[in-house]
Amino acid sequence: MALGTDELIEIERLLAAADADASAFAEVRRRFPQLACTRCDASDMTEPPFRSFPRFDLHLIDGSAHCVQITADLARATGIVLAARST
């Protein structure tokens with residue numbers, strides 16, 4: 001299932017909140033159970049983020065082909081990676 005603009009806006013609101021912490025990942029999973037969602041440390045990512053927030057980098061993933069890959073194209077996004085940034 002593709003990531004929609006409305007979903008992305010809501011995810012960005014969650015991540016931009018001043019009190020966003022590790023529970024933000026759980027909240028994203030709760031609100032969007034159909035969305036592929038992975039969490040990692042920001043230092044594990046080599047690709048530039050789609051968006052950056054105080055505590056997280058947001059990466060989009062494209063799982064439409066055989067291998068999952070990071071994408072900057074929202075139209076191809078089928079999920080997200082939340083990369084926790086050091087505070």
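**Group meeting: a look at strand S3**

Okay, let's start with one pair: Ser52 sits across from Asp57, which belongs to S3. Before I go on, keep in mind that this is a predicted model.

So where does Ser52 come from? The strand is S2, residues 51-52, and S2 runs antiparallel to S3 with 2 bridges. The two make a hairpin, with 3 residues linking S2 to S3.

Now S3 itself, which is what I really want to show you. S3 covers residues 56-62, and 7 of its 7 residues are buried, so the rest of the structure largely encloses this strand. Buried here is under 20% relative accessible area.

Which way do the side chains go? As you'd expect, in a regular strand they alternate between the two faces of the sheet. Here Phe56, Leu58, Leu60 and Asp62 point one way, while Asp57, His59 and Ile61 point the other way. Both sets are buried, and note that Asp57, Asp62 and His59 are among them.

Okay, other neighbours. What does S3 do with S4, residues 69-71? Those two pair antiparallel as well, over 3 bridges. Asp62 has Gln69 of S4 as its bridge partner. S3 and S4 also form a hairpin, this time with 6 residues in between.

And then there's S5, residues 79-84. S3 pairs with S5 in the antiparallel sense, and there are 6 bridges. If you want a spot to click on, take Leu60, which faces Ile80 in S5.

To wrap up: S3 pairs with S2, with S4 and with S5, and S3 is largely enclosed. That's it from me.

How values were computed:
Residues numbered from 1 in each chain as written. Predicted model: local features only at pLDDT ≥ 70, side-chain atom pairs only at ≥ 80, totals over all residues. Heavy atoms only, no water. Buried < 20%, exposed > 50% of the residue type's maximum accessible area, 1.4 Å probe, protein only. Helix = DSSP H or I, 4+ residues; strand = E, 2+ residues; numbered from the N terminus. Pairing = 2+ DSSP bridges.
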